[in-house]
Every structure is written in structure tokens, then in C-alpha cells.
Amino acid sequence: MLSIRSTALSCLVVLGFVAGCGDTSPPCDTPDASVPVTCDSVGVELCGDSCVSIESDPKHCGGCDKACATGEGCEGGVCVSLCQIDGKQVSAGAVNAANSCEQCTPATSVTAWTQRADGTPCNPGQVCSAGQCTPKCFIDGVVYAAGAPNPANACETCVPATSTTQWTARASVPLLVGGEDITAQGWTAISQTPNTLTYGADYVRLETSTISGGRTSGQLLITKANALDTTKPFKIHVTMQVESVNNHNSLDSGAAILGSFTSPAGNSTDRSQMIYLDSGAIGWADDTQSAAFPVTDGAYHVYELAVNAAKVATVSIDGVAKLTRNNFTTTGAIAIGDQTNDPNVDGAVRIKSVERLCP
């Protein structure tokens with residue numbers, strides 16, 4: 001219960017307050033409803049009785065009461081589509097930080113990342129392919145794997161490190177890579193026993209032999225059709241080691257390179273312009289020209305057959321010219337190995353590579 005003294009003091013306080021706000025006292029400091037509320041920040045407006053950001057508020061996007069639709073956000077005063085992925089709001093077109101070949105595409109999905117189109121550039125030297133950023137090329141609307149040749153020009157290839165949008169010129173077209181299956185590379189073996197075809201880490205090995213007293217010997221020739229354009233000059237390099245070989249017979253050889261070939265052993269033209277390799281010499285198989293060379297020295301050598309526009313053929317070993325002839329013709333097919341089944345005309349060779357040089 002309040003005491004009489006407390007009650008009296010309270011009354012005095014109230015009376016004092018009333019006297020302070022009387023007609024003869026200065027006006028009290030109360031809000032003046034006539035003064036408008038203002039919003040001074042850029043991009044902020046007074047909507048109702050609140051200052052709001054018309055740059056980011058989806059209820060007032062670009063102006064008061066301009067609400068964005070459900071599933072949209074406000075960015076820069078414009079309503080934009082959004083994705084809700086892994087509990088986070090993502091703007092349309094935003095790229096997935098964990099996979100640059102995915103992005104927010106609300107028209108496709110508002111809850112999951114959408115794959116970007118194949119061929120879209122992602123990291124340097126890479127494009128999108130099946131939703132992954134990989135070192136490939138995107139040329140003329142098609143994605144090509146690194147190393148893939150131009151279908152219209154084998155002397156051009158996809159080299160993503162150089163360009164992902166254009167073909168890159170190359171020095172040569174590989175026709176055979178040693179150590180890899182020859183059949184898968186488009187080569188066919190023509191054979192007669194006894195012979196062996198084996199593989200090393202970086203070579204394919206061909207070997208033939210003759211059974212003692214036999215009237216024939218083994219034959220093992222590998223051939224590739226359409227290796228050359230018959231209408232154009234060409235150069236082919238055969239990187240090969242001749243382990244052993246018997247001396248050739250005219251138009252036959254146990255270790256041969258044919259720049260023209262007709263199955264199964266070459267026609268008369270193929271065989272006359274065939275290159276034979278004996279243990280200490282190289283020459284044309286029709287015996288019109290030869291040159292001394294230590295063929296079976298245990299080393300790999302680069303044997304080059306070059307035919308120019310005038311049909312003049314030149315054979316070089318490790319860049320040194322050894323043979324020439326005129327009127328060289330080709331069927332477009334080439335062959336390497338033991339071309340004959342003559343007895344005791346055999347050979348063993350290791351082929352590391354065969355390539356056609358580009359112009």
C-alpha cells in the first residue's frame with residue numbers, strides 16, 4: 001500500500017509536468033507529422049513508410065510495388081530467373097564453380113545444374129564435351145578428340161593447346177606406329193610360312209626363313225591401301241632396322257620397301273621399282289641402280305622415298321640421297337617386308353614407324 005507521503009510526491013510531479021507544458025512555457029519537442037521521411041541512399045526509395053532497395057528487393061524491383069514473379073530475384077533493379085541448387089540461390093547463366101561445363105538454366109531446371117552446350121570454351125585449351133571440360137577441339141560444329149585428323153585434310157589435326165577452334169597443320173601423317181597392332185592401323189599382312197610377326201615396345205618385327213632343302217621360303221609383307229594420293233607428289237619415311245637379310249634376286253627381296261603395290265607380291269611395275277635392302281647395299285629391284293650402305297649395322301635408319309610432280313623418285317637414307325629413277329608410278333598402296341617366297345631370300349626387320357610427310 002502506498003504511503004500518504006508517496007502519493008503526495010507523485011501528485012506534485014504530475015502538477016509540475018502540467019505546468020511545464022502550459023500556455024506560458026516553451027513548446028514541448030514532439031514529432032512533427034508534417035515533415036516527410038526521406039531516403040538518401042542511391043538505389044533506395046521510400047515505399048509506404050519504409051526505405052527499400054529497388055536494386056535488390058524482389059517486392060519492389062526497379063520501383064515501389066513492382067514485385068518479381070515466384071522463382072525470380074531482383075538484380076540491378078531487374079527481375080531475373082533464379083535456380084535453387086543445394087540450398088543456394090543462383091542467378092540464371094551462373095556457371096558451377098565445381099564444373100565449368102554446368103550452369104544455372106531455369107528454363108531447363110531450377111533445382112539442378114544444366115550441362116552447357118558441347119564445344120563451349122571452358123578452361124584454356126579445353127571445351128565442354130558431354131558436360132565435362134576436356135582438351136578437345138570444336139570445329140565447324142563438331143567436337144574432335146585431341147590428335148584427331150581433319151576429315152578433309154589428313155595433314156591437319158586437332159591440337160587443343162594450339163587452338164580449340166581451328167585445325168593445326170602437322171609435319172606428317174602417321175601410317176604405322178610401332179608397338180601397336182597393325183590391323184587396327186589399317187595394315188594387312190600377306191604371308192606364307194615359315195614367318196613370325198611380333199611386337200616390341202615401339203616396333204613391329206617381321207621375320208621369314210627357309211626350311212632346309214625347301215623349294216620355297218616364308219613370305220611376310222605388310223601392306224596399307226590408300227596410303228598415298230596417286231595424283232600428287234609424296235614423301236614417305238620408313239624408320240626401320242634390318243636385323244638380317246639374304247641378298248635379293250632380281251625383282252625379289254627379303255627386305256623391301258614398295259611405294260606401289262598390287263597384291264599378293266606386286267605386279268611387274270611394282271616390283272621393278274621396288275627398293276631392295278641387302279646386307280651391304282640398297283637398290284632398285286630391277287637392278288638398274290644400287291648404292292653401297294651398311295644396312296645390317298644394328299641401327300635404325302630413316303629410309304625416304306620421295307616422288308615429285310615430274311614422277312622423279314629419289315631414295316635417301318638418313319637424309320642422304322642414294323637412288324633416283326624417272327617415271328615412278330603408284331597405285332596408292334605401299335608395302336614393307338619380305339616380298340618373295342624364293343628359297344633362301346629371307347629377312348628380319350624391325351619397323352618403328354611409317355609416315356607420309358605433309359607438303
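**Figure 1. The disulfide between Cys 101 and Cys 128.** In this predicted model, the sulfur atoms of Cys 101 and Cys 128 are 2.1 Å apart. The torsion about their S-S bond is about -95°, so the disulfide is left-handed. Cys 101 belongs to strand 7 (residues 99–105) and Cys 128 to strand 9 (residues 127–129); the pair links distant parts of the chain, 27 residues apart. Cys 101 has 0% relative accessibility and counts as buried. Cys 128 is also buried, with a relative accessible area of 0%. The count of disulfides in the model comes to nine.

**Figure 2. The disulfide between Cys 68 and Cys 79.** The S to S distance in this pair is 2.1 Å. The link is left-handed, with -90° about the S-S bond. Cys 68 sits in the loop between strand 2 (50–53) and strand 3 (72–75), and Cys 79 in strand 4 (residues 78–85), so the disulfide ties together parts that are eleven residues apart in sequence. Cys 68, at 15% relative accessibility, counts as buried, whereas Cys 79, at 29%, counts as partly exposed.

**Figure 3. Strand 11 and the disulfide of Cys 137.** Cys 137 is joined to Cys 158, S to S 2.2 Å. A torsion of about 90° about the S-S bond makes this disulfide right-handed. Cys 137 lies in strand 11 and Cys 158 in the loop between strand 14 and strand 15 (168–169), so parts that are 21 residues apart in sequence are tied together. Both cysteines are buried. On strand 11 (residues 136–139), Cys 137 and Ile 139 form the covered face, while Lys 136 and Phe 138 form the uncovered one.

**Figure 4. The hairpin of strand 11 and strand 12.** The two strands run antiparallel and are joined by four bridges. Lys 136 has Ala 145 of strand 12 as its bridge partner. Two residues lie between the strands, and Asp 140 in the turn has a positive phi of about 55°.

**Figure 5. An open sheet of seven strands.** The strand order is 17-20-29-22-23-24-25, with antiparallel pairing. Strand 17 (187–192) and strand 25 (290–292) are at the edges, each with a single partner strand, so one side of each has no neighbour in the sheet. From one strand to the next, the twist averages 15°. Six bridges join strand 17 to strand 20 (residues 219–224), and Ala 189 stands opposite Ile 222.

**Figure 6. The largest pocket.** This pocket holds about 360 Å³ of space. Its lining includes Asn 153, Asp 229, Phe 234 and Arg 356. Strand 14 (153–157) gives the most to the lining, with three residues. By class, the lining has seven nonpolar, one polar and four charged residues.

Methods: Residues are numbered from 1 along each chain as its sequence is written. This is a predicted model: local features need pLDDT of at least 70, side-chain atom pairs count only at pLDDT 80 or more; totals for chains, interfaces and linings use all residues. Side-chain values use heavy atoms; hydrogens and water are left out. Two strands pair if DSSP finds at least two bridges between them. Axes are lines fitted to C-alpha atoms, for helices over the stretch in contact, and angles run from 0 to 180 degrees between N-to-C directions. On a 1 Å grid over the protein atoms alone, a cavity is a set of points where a 1.4 Å probe fits but cannot get out, and a pocket is an open set with protein on both sides within 12 Å along at least five of seven lines; lining residues have an atom within 4 Å of a point. Grid points are joined across faces, edges and corners, and a volume is the space filled by probe spheres set on the points. Ala, Val, Leu, Ile, Met, Phe, Trp, Tyr, Cys and Pro count as nonpolar, Asp, Glu, Lys and Arg as charged, and the others, Gly among them, as polar. Buried means under 20% relative accessible area, exposed over 50%, partly exposed in between (1.4 Å probe, protein chains only). A disulfide is a pair of cysteine sulfur atoms within 2.5 Å.
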